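Visitor: I am new to reading protein models, and I would like to be led through one slowly. Could you show me the structure before we begin?

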Amino acid sequence: MANSLRGEVLNLYKNLLYLGREYPKGADYFRSRLKAAFLKNKDEKDPEKIKQLIARGEFVIKELEALYFLRKYRAMKQRYYSDDK
């Protein structure tokens, strides 16, 4: 059963690596933290626990996307609106 989840875990790792390129503290910082998080759970065999970890990773993806959208929104707002009132 755990082998069927392997593809999902790999896909999650690849997606997080891709999103980590724009991380505010740098891609190297994000990559090292991501690798440590995945290595910490590498010996997990319980399919239910693996599914929970995958769900947590998908939540992190959503949070990163929200962070990036907010950063882009703030940059656009600064370009077009002045703080002078």
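The questions and answers below go from the overall fold to single residues.

Visitor: Which elements make up the secondary structure of the protein, and in what order do they run?

Guide: Please keep in mind that this is a predicted model. The secondary structure comes to 3 helices and 0 strands. Read from the N terminus on, the elements therefore run α-α-α.

Visitor: Is the protein a compact globule or more spread out?

Guide: The C-alpha trace spans about 60 × 25 × 15 Å along its principal axes, and 16% of the 85 residues count as buried. The globule rule gives 12 Å for 85 residues, whereas the radius of gyration is 17 Å, which is well over that value, so the protein is more spread out than a compact globule.

Visitor: How far does helix 3 reach from its first C-alpha to its last?

Guide: Helix 3 covers residues 47-80 and has 34 residues. At 1.5 Å a residue the expected span is 50 Å, and the helix comes close to that, with a reach of 50 Å.

Visitor: Which residues of helix 3 are buried?

Guide: An α-helix has 3.6 residues a turn, so residues three or four places apart point the same way. Counting as buried requires a relative accessible area under 20%, and Arg 79, which lies in helix 3, does not qualify because its relative accessibility of 62% makes it exposed. The buried residues of this helix are Pro 47, Ile 50, Ile 54, Gly 57, Ile 61, Leu 64 and Tyr 68.

Visitor: Which residues make up the largest nonpolar core?

Guide: In soluble globular proteins, nonpolar side chains tend to be buried together. Here the largest nonpolar core holds 8 residues in all, and helix 1 (2-19), helix 2 (27-40) and helix 3 (47-80) each give two or more residues to this core. Its members are Leu 12, Leu 16, Leu 19, Phe 30, Leu 34, Ile 61, Leu 64 and Tyr 68.

Visitor: With which residues is Ile 61 in contact, leaving aside its neighbours within four places in sequence?

Guide: Ile 61 is one of the buried residues of helix 3, and it also belongs to the largest nonpolar core. Once the neighbours within four places are left aside, the contacts of Ile 61 are Leu 12, Asn 15, Leu 16 and Leu 19.

Visitor: What is the geometry of the aromatic pair formed by Tyr 13 and Phe 38?

Guide: A search of the whole structure finds 3 aromatic pairs. The pair of Tyr 13 and Phe 38 links distant parts of the chain, since Tyr 13 is in helix 1 and Phe 38 is in helix 2, 25 residues apart. The two rings lie 4.8 Å centre to centre, and because planes over 60 degrees apart count in this way, their angle of 80° makes the pair edge-to-face.

Visitor: Which residues do ring pairs link into a cluster?

Guide: Tyr 23 and Tyr 29 form a stacked pair, 6.1 Å centre to centre with 15° between the planes. Tyr 23 is partly exposed at 25% relative accessibility, and Tyr 29 is partly exposed at 30%. The cluster linked by ring pairs consists of Tyr 23, Tyr 29 and Phe 30.

Visitor: Which residues does the UniProt annotation "domain: Complex 1 LYR protein" cover?

Guide: This annotation comes from an unreviewed UniProt entry. The span it describes is 76% helix and 0% strand, and its end C-alpha atoms lie 14 Å apart. According to the record, the annotation covers residues 8-61.

Conventions: Residues are numbered from 1 along each chain as its sequence is written. This is a predicted model: local features need pLDDT of at least 70, side-chain atom pairs count only at pLDDT 80 or more; totals for chains, interfaces and linings use all residues. Side-chain values use heavy atoms; hydrogens and water are left out. UniProt positions are given in the numbering used here, feature names are shortened, and annotations may be inferred rather than shown by experiment. Helices (H or I, at least four residues) and strands (E, at least two) are DSSP runs, numbered from the N terminus. A nonpolar core is a set of buried Ala, Val, Leu, Ile, Met, Phe, Trp, Tyr and Cys residues joined through side-chain atoms within 4.5 Å. Buried means under 20% relative accessible area, exposed over 50%, partly exposed in between (1.4 Å probe, protein chains only). Contact means heavy atoms within 4.5 Å. Rings of Phe, Tyr and Trp (its six-membered ring) pair if their centres lie within 6.5 Å; planes under 30 degrees apart count as stacked, over 60 as edge-to-face and the rest as tilted. The expected span of a helix is 1.5 Å times one less than its number of residues. The radius of gyration is taken over C-alpha atoms; the globule rule is 2.2 Å times the number of residues to the power 0.38.
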